[in-house]
Structure formats: C-alpha cells, structure tokens
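Me: I'm going through the backbone of this one and would like a close look at its unusual peptide geometry. Could you walk me through the cis bonds and the odd phi values, with enough of the overall fold to place them?

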Amino acid sequence: MPHFDLIIIGSGSGNSILDERFDDWNVAIVEKGVGSTGNYGGTCLNVGCIPTKMFVHTADTASSPGVGAKLGVDLELRDVRWREIRDRIFGRIDAISDGGRRYRAEGGSNVTLFQGEARFTGVKELTVATADGPETITADRFVVAAGGRPTVPDLPGIEQVDFHTSDSVMRLDELPRRMIILGSGFVGAEFAHVFSALGVEVTVVARSGALLRAEDEDVAQRFTELAQARWDVRLNRKQTSVEQDGDVVRLHLDGPDGPEVVEAEQLLVAIGRTPNSDLIDAAAGGLKVREDGKVQVDAEQRTSVDGVWALGDISSDHELKHVANHEMRVVQHNLLHPDELIDSDHTYVPHAVFSSPQIAAVGLTEQEARERGVDYVTKIQAYGDIAYGWAMEDSTGFLKLLADPSDGTILGAHIIGPQAPTLLQPLIQAMQFGLDARTMARGQYWIHPAMPELIENALLGLELQPE
C-alpha cells in the first residue's frame, strides 16, 4: 500500500499547491477527469470560467449589430461558424489540459498521478479505481479539492432525454434552432446570452419571479426586464416532466395560468451544482459533511480529521475560482507552516455574471441589509448620466451603492452594464482596505470622461450625515 506525505484529490486549484517548496515531499495527485471529455485541470479550465468567457466574448462580438444602429452605424451578422468557434476555444483549452496532465504524470519524480475515481475507504485511506484496477493509497496529509458537478433534477422522464449540462453543452456538434435553458442563475444567464447571440431561439425557465434572484433586487429586476425583451422567459414555473420525441425535447410546466409545454431541439439543465463529497465518500474518511453536502471546514480550511484540509467548491460557500485560489494559498501556507496557521478571508467576496448586460457585485444587497437591520443609505447612478455613458447611448446600466450613513463605510456595490466586473474592482479594494465613501470620492483624481466616473458620482450622491 503506497504511502505519501501528501495526497491531493482534484487537479483544479488543488493542483496549484505544489511549488518548489514541496520538492522534497512525496506527493500523489488523484484526478478522475472533468466534464464529458474527462479532462485534467478542474472545472474552471475545462467546463467553467475560461471556456465560457471565451464563448461570451464571441457572443458579445456577434451582438454588435444590435448596438450599432442607435449609434448610426449599420452592421450585419452574416454568419456564425459554430464548429470553428468551438474548435478554436477547445483547441486551446484541451492543449493546456493535456499539457498539465503530462507534466504531472511525467514531469516530477516526487509527484505520482493516479487517474481514476477515488473513494475514501478509511481515515486517511483512499482507493482509486485506475485503469489497471483498484489501488489503495494512504498519506500523512490530505487536501480534498474534488470540486462539484452540475445538479440534475429529480424530474420524471429526465433519464430518457438527451439533455446537456455546462459540462457538455459547449461541445455541441451543431447549433440547434431552439434551446430550453432550465435554470435562471449564473450558468443559465450566461449561456442564454451565448446561444441567443449566435442565433438560437432561447427559452429560459425559472421557478421564481425573477432571473438572477440572488442579486440585489433592483439589479435582478432590471436584468429580468431586459432578458424578457431578448428571450422567451417563463417565470414562476414548476417543471412537472420532460420527454424526448425524436429530435425534439418537450418540457412540461405548471405556471400561473396552468399547464404548458415548451419544446426545443436541445435542453440545457442549469439549476445549480452538487459538491462531490458523495463521490469520494467523504464520510467514510471521517470527514464531517454539512446538510448541503459540503465538507465542513474551519477558518484555516481544516476538516474534522487532523491533517486533512479541504478547499474550493467541495467545501466553500462561494463556488468561485478566485475563492478557490485564495483558499488554495491558505492551505498551501498551512501545510508548510503547521505552527503558524492563517485563516481564509471571505469578508468581501465579489462575483460577476458574464451575460448581457454584465453584472458584478460585492457586499450586502439592499434586501440583506433590511433583513439584518443594518442602517444604510443607497445611491443609484445611471450609466446614462455620465459622459462615457452618453458615448455608449446606454440607457439601462447603473451602479447601486450601499453605505453606512454615519461614517461612509461602503457596505455593498452592485453594477449592471458594460464592463461591470472591471468597474467593480476599485470598490472591492475600497471595502477590503477600509476606504470610506467620502475619502474615496475626493481623495484622488478620477479620469474624465472615463467609465469610473460612474463610481465617483455615485459616491458623491450618497446622503451621508455631516462629519
């Protein structure tokens, strides 16, 4: 039974732990493969952040004719070469994934790569179903970074339907004429933009009364209104069953006006993600698992078993690559310095939705501030009220700020509109380092007439108490 100093389960952010400081450690990496191709490198690289944003940028370009007319520029989308788009993106992604696998399999004498699905068969004991049969390995320390997978609903008929998830939909051979997207969160919103911009008729099915309902209420309302103008949006729907009829999928719904049916050539299931704690049988390894399936960790990323750490989607409340990378750096430090442990800092975790329009946010939403009884003031600053907003003729984008009225502490920031994730970054920095609204607004130059004037004007518009 091979024994290691360290076993890392998962080749996403966990793979990045190893640097030259671990050269004298005997390390094993275990990876079963991600997505429909079983690639190496984790969710973000293969089926998440990176390829999706490459598709999003392509979709943004394809959407240009719709923007040009109001600027006096007549543009035309002549063709969408789907296979060329797909192969350009995955030609790059797959090469990186393959290179990462080869590097770990062949590159270092102190690292052993085990390829196959792994399950805990005891405390600090793992059995891997390799191509050559099961192999049991043990270690003094473990890092559990096995990620998650798309959730499949318990829906009558789903097992008989050729549906897709985010793991497979980007590798379609042909663009369908119509697509049903079941789910109205980040994944659904981004793929609705991608496929509709490339000419697919998209129907989005939501169980609630708004798309992106976890966003600030004003942002969710604005996004839903704009989405309804682009897509067939079905709100407050409960899916009752689904069936395959030749090349057509029929989704049966129960809505405000009774039963209804939507049909399309492709169905994308995008209702959320499930942590892979069950696949690795975390409980058999002595790891405490929360009711939501996440592996329980403390502030230092330690699990309930001494010497076993966890990070990323399998344990974190924030299923975001930048959070997984932060937690990776914490685990990396704590492995190397067991007597000088540091905590993960999840105080201000930003996120973005790369749909159309883009959305980015950090901190409290207004509904959260109300629920918590937080004293706050708000300011909504429209893109159309700044000079660069005039240049873009943007009439729908805005920034919403929440701040403490007594001292100007920024409590939350929410942007919907072009380049929202980039615009948000100065506000993340201000919140992280305690820069209040007054100081931020007047303590520096703001380039005129650049987009950050949106932030400046919002800060100045907050009705704060006199100093």
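Reply: A quick term before we start: buried means under 20% relative accessible area, exposed means over 50%, and partly exposed is what lies in between. By that rule, buried residues make up 51% of the 467 residues in the chain. Keep in mind that this is a predicted model.

Now the frame around the part you asked about. The chain is built with 12 helices and 21 strands. Its radius of gyration is 24 Å, which agrees with the value near 23 Å that a compact globule of 467 residues would have. The C-alpha trace spans about 70 × 65 × 40 Å along its principal axes. Of the contacts with a separation of 6 or more, 63% are between residues 24 or more positions apart.

On to the cis bonds. One cis peptide bond joins Ser356 and Pro357, with omega about 5°. Pro357 sits in the loop between strand E17 (351-353) and strand E18 (359-363), so you'll find this one with a strand on either side. Another cis peptide bond joins His448 and Pro449, again with omega about 5°. Here the neighbours are helices: Pro449 is in the loop that runs from helix H11 (437-442) to helix H12 (453-461).

Then the phi values. Glu393 has phi near 55°, which is positive although the residue is not glycine. You'll see Glu393 in the loop between helix H9 (387-392) and strand E20 (398-403). With a relative accessible area of 44%, Glu393 counts as partly exposed, because that falls between the 20% and 50% cut-offs. Gln419 also isn't glycine and has a positive phi, near 60°. Its loop goes from strand E21 (410-416) to helix H10 (420-432). Gln419 is partly exposed too, since its relative accessibility is 48%.

While you're checking covalent geometry, the cysteines deserve a glance. A disulfide is a covalent bond between the sulfur atoms of two cysteines. The structure holds zero of them. Cys44 is buried, because its relative accessibility is 14%, whereas Cys49 comes out at 30% and so counts as partly exposed.

If you're setting up electrostatics, the chain carries 41 positive and 71 negative charges, and their mean positions are 3 Å apart. As for the surface, the accessible area comes to about 21,600 Å², with 47% of it belonging to carbon and sulfur atoms.

Terms used: Residues numbered from 1 in each chain as written. Predicted model: local features only at pLDDT ≥ 70, side-chain atom pairs only at ≥ 80, totals over all residues. Heavy atoms only, no water. Helix = DSSP H or I, 4+ residues; strand = E, 2+ residues; numbered from the N terminus. Rg over C-alpha atoms; globule rule 2.2 N^0.38 Å. Buried < 20%, exposed > 50% of the residue type's maximum accessible area, 1.4 Å probe, protein only. Contact = heavy atoms within 4.5 Å. Areas by Shrake-Rupley, 256 points an atom, 1.4 Å probe, with all protein chains shown as cover. Lys, Arg positive; Asp, Glu negative; His and termini not counted. Charge placed at Lys NZ, Arg CZ, Asp CG, Glu CD. Disulfide = S-S within 2.5 Å.
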